[in-house]
Amino acid sequence: MNQYIALLRGINLGKRRIKMDQLCRLFEELKFGAVKTFIASGNVIFESKMKDEMKLATMIEEHLKKSLGYEVDTFVRTRAEMAAVARFPAFPAADVEAPENTVNVSFLKADLSAVQADGLFECATDVDEFRLNGREFYWLCRVRSSDSKVWTTPGMRALKLPISTMRNLTTVRKIAALYPAL
């Protein structure tokens with residue numbers, strides 16, 4: 001069996017509330033095994049014989065829309081991919097470990113285009129820095145994330161980045177640690 005992590009966008013925000021045992025049941029209805037959730041923010045760990053992550057994501061999105069009545073963008077990663085995301089040295093250790101800084105990881109369905117990647121880097125400020133690695137980009141924020149103005153700048157809005165879901169690097173590392181070392 002292949003082990004996967006589904007990262008669901010916008011779960012338990014606003015009116016999109018679901019209990020984690022109900023979310024597990026919805027995944028079990030898709031015949032996935034060893035289903036469990038990690039914190040109540042749309043992180044589902046499961047096993048499947050399927051090997052196509054995009055097909056898995058589409059299956060999950062369609063089932064959740066039918067069951068919940070709203071769209072849930074879904075980003076699927078293998079166990080190895082999640083471990084690689086957690087280990088990637090996007091920023092110097094001193095920046096990552098500084099208590100006033102936060103590092104978030106945005107999960108995408110596909111790589112950014114070269115134009116989008118260049119535009120993202122151009123949006124960097126003294127407070128906000130970005131790194132790109134495959135289907136993820138890392139955001140180092142040197143203030144509280146909610147105090148950053150980077151996402152409302154004209155340059156960032158003009159980028160029209162694809163839909164993604166963001167997780168704090170600490171959460172990503174905890175998810176990756178749920179599995180034995182590769």
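Helices (H or I, at least four residues) and strands (E, at least two) are taken as DSSP runs and numbered from the N terminus. The model is predicted, and local features need pLDDT of at least 70, side-chain atom pairs count only at pLDDT 80 or more, and totals for chains, interfaces and linings use all residues. Residues are numbered from 1 along each chain as its sequence is written, while side-chain values use heavy atoms, with hydrogens and water left out.

**Exercise 1. Two positive phi values outside glycine**

Find where Ala 34 and Lys 160 are placed, and state the phi of each.

Solution. Begin with Ala 34, which belongs to strand β2 and, although it is a residue other than glycine, has a positive phi near 45°. Turn next to Lys 160, which sits in the loop between α6 (154–159) and β8; Lys 160 is not a glycine either, and its phi is positive, at about 50°.

**Exercise 2. The sheet that contains β2**

In what order do the 4 strands of the open sheet with β2 follow one another, and which strands stand at its edges?

Solution. Step one is the order: reading across the open sheet gives β2-β3-β1-β4, with antiparallel pairing, where two strands count as paired if DSSP finds at least two bridges between them. Step two concerns the edges: β2 (33–37) and β4 each have a single partner strand, so one side of each is left without a neighbour in the sheet. Step three is the twist, which averages 20° from one strand to the next; axes are lines fitted to C-alpha atoms, for helices over the stretch in contact, and angles run from 0 to 180 degrees between N-to-C directions.

Step four looks inside the sheet, where the antiparallel strands β1 (residues 2–8) and β3 (residues 43–48) are joined by 6 bridges, and where Tyr 4 has Phe 46 of β3 as its bridge partner. Step five adds the helix: α2 packs on the sheet and touches β1, β3 and β4 (contact being heavy atoms within 4.5 Å), and the direction of α2 makes about 140° with that of β4.

**Exercise 3. The sheet that contains β8**

Work out the strand order of the open sheet with β8, and then describe its pairings and the helix that packs on it.

Solution. The 4 strands of this open sheet are ordered β6-β7-β5-β8, and their pairing is antiparallel. The edges are taken by β6 and β8, each of which pairs on one side only. On average, neighbouring strands here are turned by 25° against each other, direction ignored.

Two pairings can be followed residue by residue. Between β5 (residues 102–107) and β7, which run antiparallel, there are 6 bridges, and Thr 102 stands opposite Cys 141 in β7. Helix α7 (residues 169–177) packs on this sheet, touching β5 and β8, and its direction makes about 85° with that of β8. On the other pairing, β6 (residues 128–133) and β7 (residues 136–141) are antiparallel over 6 bridges, with Glu 129 opposite Leu 140 in β7. The hairpin of β6 and β7 has 2 residues between the strands, and Gly 134 takes a positive phi near 65° in this hairpin.

**Exercise 4. Cavity and pocket**

How much space lies in the largest cavity and in the largest pocket, and which elements give the most residues to their linings?

Solution. Fix the terms beforehand: on a 1 Å grid over the protein atoms alone, a cavity is a set of points where a 1.4 Å probe fits but cannot get out, a pocket is an open set with protein on both sides within 12 Å along at least five of seven lines, and lining residues have an atom within 4 Å of a point. Grid points are joined across faces, edges and corners, and a volume is the space filled by probe spheres set on them.

The count is 1 cavity of 30 Å³ or more, and the largest cavity holds about 40 Å³ of space. Its lining includes Glu 53, Met 54, Phe 75, Arg 77, Leu 108 and Arg 135. The elements that give two or more residues to this lining are α2 (53–68) and β4 (74–78), and β4 gives the most, with 4 residues.

The largest pocket holds about 320 Å³. Of the 18 residues lining this pocket, Arg 9, Gly 10, Ser 164, Thr 165 and Met 166 lie nearest its centre, and strand β8 (residues 165–168) gives the most to the lining, with 3 residues.
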